[in-house]
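Subject: Structure handover

Hello,

Here is the structure you asked about, with the sequence alongside. My notes follow underneath.

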Amino acid sequence: MHDAVINGTIKGDIEVEHFLELQPGARVTGNISYRKLRMECGASVDGRLQCLGEQATERATNDNVVTLARAQGGD
């Protein structure tokens with residue numbers, strides 16, 4: 001599904017391609033994949049949350065890491 005708003009009980013995995021909102025009455029038992037998530041106080045998830053595209057974000061972050069050599073003591 002593209003977008004979803006949940007305010008009830010769901011048992012099973014959920015994959016949302018774009019925006020997911022978990023309202024205070026949401027009770028999810030299962031893994032959730034999403035791109036953007038809004039989780040309000042009172043909502044609960046018994047499972048794993050996975051942001052779609054997080055591997056690309058992690059890769060970009062790692063490409064920007066620069067290792068600097070420790071300066072040698074010189075007078």
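Which strands make up the open sheet of 3 strands, and in what order? The order is β3-β6-β9, and the pairing is parallel. Before going further, please keep in mind that this is a predicted model.

Strands β3 (14-15) and β9 (49-51) are at the edges of that sheet; each has a single partner strand, so one side of each is left without a neighbour in the sheet. Between β6 and β9 there are 3 bridges, in the parallel sense. Within that pairing, I32 stands opposite L49 of β9.

S33 belongs to strand β6. Its relative accessibility is 14%, so S33 counts as buried. Setting aside residues up to four places away in sequence, S33 touches I14, E15 and V16, and also Q50 and L52.

Next, the pairings of β4. Strand β4 runs parallel to β1, and 4 bridges join the two. Here I6 has L22 of β4 opposite. Another 4 bridges join β4 to strand β7 (residues 36-39), again in parallel. F19 has K36 as its bridge partner in β7.

On the nonpolar side, the largest core has 11 residues. They are A4, I6, I14, V16, L20, L22, A26, V28, I32, Y34 and A43. Three elements give two or more residues to this core: β1 (3-6), β4 (19-22) and β6 (32-34). A4, one of the core residues, is in touch with V16, F19, L20 and E21 when residues up to four places away in sequence are not counted.

Now the charged groups. How many salt bridges does a search of the whole structure find? It finds 1. The pair is E40 and R38, whose closest N and O atoms are 3.6 Å apart. As for exposure, E40 has a relative accessible area of 26% and is therefore partly exposed. R38 is also partly exposed, at 48% relative accessibility.

E21, which lies in strand β4, is a residue to look at alongside that pair. E21 is buried but has no salt bridge. The nearest side chain of opposite charge is that of R38, 4.6 Å away. A salt bridge needs the nitrogen and the carboxyl oxygen within 4 Å, so a separation of 4.6 Å does not qualify. Leaving out neighbours within four places in sequence, E21 is in contact with R38 and E40, and with A4, V5 and I6 as well. E21 therefore has contacts with both members of the salt bridge, R38 and E40, without a salt bridge of its own.

Last, the cysteines. How many disulfides does a search of the whole structure find? The count is 0. A disulfide is a covalent bond between the sulfur atoms of two cysteines. C41 counts as exposed, with 77% relative accessibility. C51 is partly exposed, at 24%.

To recap for your files: the open sheet has the order β3-β6-β9, β4 pairs with β1 and with β7, the largest nonpolar core has 11 residues, and the whole structure has 1 salt bridge and 0 disulfides.

Regards

Notes:
Residues numbered from 1 in each chain as written. Predicted model: local features only at pLDDT ≥ 70, side-chain atom pairs only at ≥ 80, totals over all residues. Heavy atoms only, no water. Buried < 20%, exposed > 50% of the residue type's maximum accessible area, 1.4 Å probe, protein only. Core = buried A, V, L, I, M, F, W, Y, C linked by side-chain atoms within 4.5 Å. Contact = heavy atoms within 4.5 Å. Disulfide = S-S within 2.5 Å. Pairing = 2+ DSSP bridges. Lys, Arg positive; Asp, Glu negative; His and termini not counted.
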